[in-house]
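Each label below is traced to the value behind it. Take the questions in order.

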Amino acid sequence: MKVVILETPQAVANYGAAMFIRQLTSKPTSVLGLATGSTPLALYQQLIAANQAEIISFKQCSTFNLDEYLGLAPEHPQSYRHFMNEQFFQHIDIELSNTHVPNGAAQNPLTAGDEYEALIKAHGGIDIQLLGIGRNGHVGFNEPSSCLASRTRVKTLTQATIDDNARFFSAEEYQPHLSITMGIGTIMEARNVVLLATGESKAEAIQATVEGPLSASCPASALQMHLSTTLIIDDAAASKLKDKAFYQHIERENQALLKRLSH
Ligand code: GLP
């Protein structure tokens with residue numbers, strides 16, 4: 001995997017946004033895999049700005065979100081569908097009917113995963129998948145011990161994840177402890193993966209993702225087997241990497257090579 005270490009969370013967002021802008025420019029009909037959480041928000045702001053400046057258009061593209069809370073209807077203010085509408089979709093020129101989020105209110109949650117998989121397939125697969133990461137190394141809601149070949153399905157959340165996400169819920173509000181999430185196998189089929197992480201609290205998970213063994217104990221470590229994954233992280237999230245200087249050296253060499261090739 002390619003590890004890009006930048007000084008600030010804003011630089012992380014800018015670098016990630018540039019990758020999405022390049023993708024949409026070269027293929028306006030791209031299928032984008034999207035994520036929730038606080039980390040991607042600054043990237044979405046960049047894409048909104050690029051759309052409003054008419055640098056990119058989302059008119060022909062479609063999107064698939066990673067996950068949703070089970071038991072929350074799409075219009076529920078804490079649902080990930082609502083989050084995406086508020087934070088991203090309503091600010092860009094996308095057709096809402098081209099945006100997809102797993103259905104947290106599905107009649108039969110046990111078959112909803114297969115239906116979501118079929119829909120992704122019918123759209124030709126995901127061109128570029130955006131990921132955040134949980135402090136325990138989860139991606140989407142694939143908690144530690146998730147099958148590394150898993151597909152979209154119901155997953156039980158760990159107490160650590162429930163506690164981490166409690167900040168989005170008020171004290172008396174119901175907080176789901178189940179989710180429906182793309183599997184690790186689903187994510188691994190995306191043609192390109194972009195994982196963003198910022199802040200000290202993600203440093204351990206990033207170390208395990210990059211340098212730890214390939215293990216379901218850190219679901220993100222499965223990305224070691226992905227052909228085109230870019231980790232974009234800030235200095236704080238990189239602080240526990242043993243070979244940080246080497247990754248920085250590789251990135252400088254890559255940039256120099258690209259510069260030479262463009263002349
Ligand atoms: C949730 C989401 C993940 C996200 C994670 C980290 O659990 N299901 O997709 O990566 O939170 O969120 P944050 O970016 O807010 O730290």
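**Labels and their grounds**

The ligand of this predicted model sits in the largest pocket.

Q: What makes S38 a polar contact of the ligand?
A: A polar side-chain atom of S38 lies 2.7 Å from a ligand oxygen atom. The cut-off is a pair of N or O atoms within 3.5 Å, so the pair qualifies.

Q: Why does T39 count as a polar contact of the ligand?
A: An N or O atom in the T39 side chain is 2.5 Å from an oxygen atom of the ligand. The limit is 3.5 Å, so this pair counts.

Q: What makes G140 a polar contact, and through which part of the residue?
A: Through the backbone: a polar backbone atom of G140 is 3.2 Å from a nitrogen atom of the ligand. That falls within 3.5 Å, so the label holds.

Q: How much of the ligand does the protein bury?
A: Taken alone, the ligand exposes 390 Å², and the protein buries 94% of that.

Q: Which residues surround the ligand most closely, and what classes make up the shell?
A: The shell has 13 residues, and the closest are S38, T39, D67, R167 and K202. By class, three are nonpolar, seven polar and three charged.

Q: Why is C61 called buried?
A: Its relative accessibility is 1%. Buried means under 20%, so C61 is buried.

Q: How do you know that C218 is in no disulfide?
A: The nearest cysteine sulfur, that of C147, is 15 Å away. A disulfide needs two cysteine sulfur atoms within 2.5 Å, so C218 has no partner. The structure holds zero disulfides.

Q: Is C218 buried or exposed, and why?
A: Buried: C218 has 7% relative accessibility, and the cut-off is under 20%.

Conventions. Residues are numbered from 1 along each chain as its sequence is written. This is a predicted model: local features need pLDDT of at least 70, side-chain atom pairs count only at pLDDT 80 or more; totals for chains, interfaces and linings use all residues. Side-chain values use heavy atoms; hydrogens and water are left out. A residue is near a molecule or strand if one of its heavy atoms lies within 4 Å of it. A polar contact is a pair of N or O atoms within 3.5 Å; within protein, one must be able to donate a hydrogen and the other to accept it, and residues adjacent in sequence count only if both atoms are side-chain atoms. Accessible areas come from the Shrake-Rupley method with a 1.4 Å probe; for residues, only the protein chains shown count as cover. On a 1 Å grid over the protein atoms alone, a cavity is a set of points where a 1.4 Å probe fits but cannot get out, and a pocket is an open set with protein on both sides within 12 Å along at least five of seven lines; lining residues have an atom within 4 Å of a point. A molecule sits in a cavity or pocket if more than half of its atoms lie within 2 Å of its grid points. Ala, Val, Leu, Ile, Met, Phe, Trp, Tyr, Cys and Pro count as nonpolar, Asp, Glu, Lys and Arg as charged, and the others, Gly among them, as polar. Buried means under 20% relative accessible area, exposed over 50%, partly exposed in between (1.4 Å probe, protein chains only).
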